[in-house]
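The following note sets out comments on the fold and on the charged pairs of the entry under review. Please read the points alongside the display.

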Amino acid sequence: SSYATAQYLTTLPDPGEVYVVGEEGIFEELEAVGIKCHGREDNDQHDISALEHMNTNVRTVVVGLDRSINYVKLSRAGSYIRDFGCTFIATNTDASFPYPGGVIAGGSGCIVSAIETICGKKPDCIVGKPNRSFIDIIRLHHPQIQISDMLMVGDRLDTDIVFARRNGISSLLVFSGVTSEPDDPTTRFAACATVI
């Protein structure tokens, strides 16, 4: 979703400089397409007075998974969106992901939700699955590939399989991630095209 977000931003007339709530992969993808990014400087910032200094060149806020999230980053992102009118882009809204030892850890969605609460606004675009913009990026860069040639292999009903269904792509659900095999087989067959 970081790659797709970078590609999506290149289709906008002028995304400006970007404040990133996310990890190094997002920065790398955005910088690879020539977008100037900010946000690393707040990774270890805990002094709320840092918010007195906002960069007026920032016109877009990109939010993804950020395991260094803190109060200053959440507040700055919310302020850019609410007070400076910046565009709000979410890389994805996965609520959680499996962590070793059977623990479910918070995903990008919980961070996106926190920023929504601060600024009182939903994202202008959610790039990652299950949203249409993700398939549009794939089709833009690989126009020779037809929908009928695609198979979505995924481990989540709420993103991977919904993405496939929304876009007319065949799907295959594996039970190695967040979605586990339900007791009632009719539930799983109603939810996806193929289950293995």
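**Comments on the sheet and the salt bridges**

1. Helix α3 (residues 71–84) lies across β1, β3 and β4 (87–90), and its direction makes an angle of about 140 degrees with β1. The coordinates come from a predicted model, and the remarks below should be read accordingly.

2. The sheet itself is open and consists of 5 strands in the order β2-β1-β3-β4-β7, with parallel pairing. Its edges are formed by β2 (37–38) and β7 (125–126), each of which pairs on one side only. In general, strands of a sheet pair through backbone hydrogen bonds, in a parallel or an antiparallel manner.

3. Within this sheet, β1 (residues 17–21) and β3 (residues 58–63) run parallel and are joined by 5 bridges. Valine 21 has valine 63 of β3 as its bridge partner. Both of these strands are also among those that helix α3 lies across.

4. Turning to charged pairs, the whole structure contains 12 salt bridges. Side chains of opposite charge can pair when their charged atoms come close. Three of these pairs are described below, followed by a network.

5. Aspartate 160 and lysine 129 form a salt bridge in which the closest N and O atoms are 2.5 Å apart. This pair connects distant parts of the chain: aspartate 160 belongs to helix α6 (residues 157–166), lysine 129 to the loop between β7 and α5 (132–141), and 31 residues separate them. How do the two partners stand in terms of burial or exposure? Aspartate 160 has a relative accessible area of 4% and is therefore buried, the limit being under 20%. Lysine 129, at 25%, counts as partly exposed.

6. Arginine 156 pairs with aspartate 158, with 3.1 Å between the closest N and O atoms of this salt bridge. Arginine 156 is buried, at 5% relative accessibility, whereas aspartate 158 is partly exposed, with a relative accessible area of 43%. Elsewhere, Glu24, Glu31 and Arg40 are joined into one network by salt bridges that share partners.

7. In the salt bridge between aspartate 124 and lysine 121, the closest N and O atoms lie 3.0 Å apart. Aspartate 124 has a relative accessible area of 43% and lysine 121 a relative accessibility of 30%, so each falls between the limits of 20% and 50% and counts as partly exposed.

Terms used
Residues numbered from 1 in each chain as written. Predicted model: local features only at pLDDT ≥ 70, side-chain atom pairs only at ≥ 80, totals over all residues. Heavy atoms only, no water. Pairing = 2+ DSSP bridges. Helix = DSSP H or I, 4+ residues; strand = E, 2+ residues; numbered from the N terminus. Contact = heavy atoms within 4.5 Å. Axes fitted to C-alpha atoms, helices over the stretch in contact; angles between N-to-C directions. Salt bridge = Lys/Arg side-chain N within 4 Å of Asp/Glu carboxyl O. Buried < 20%, exposed > 50% of the residue type's maximum accessible area, 1.4 Å probe, protein only.
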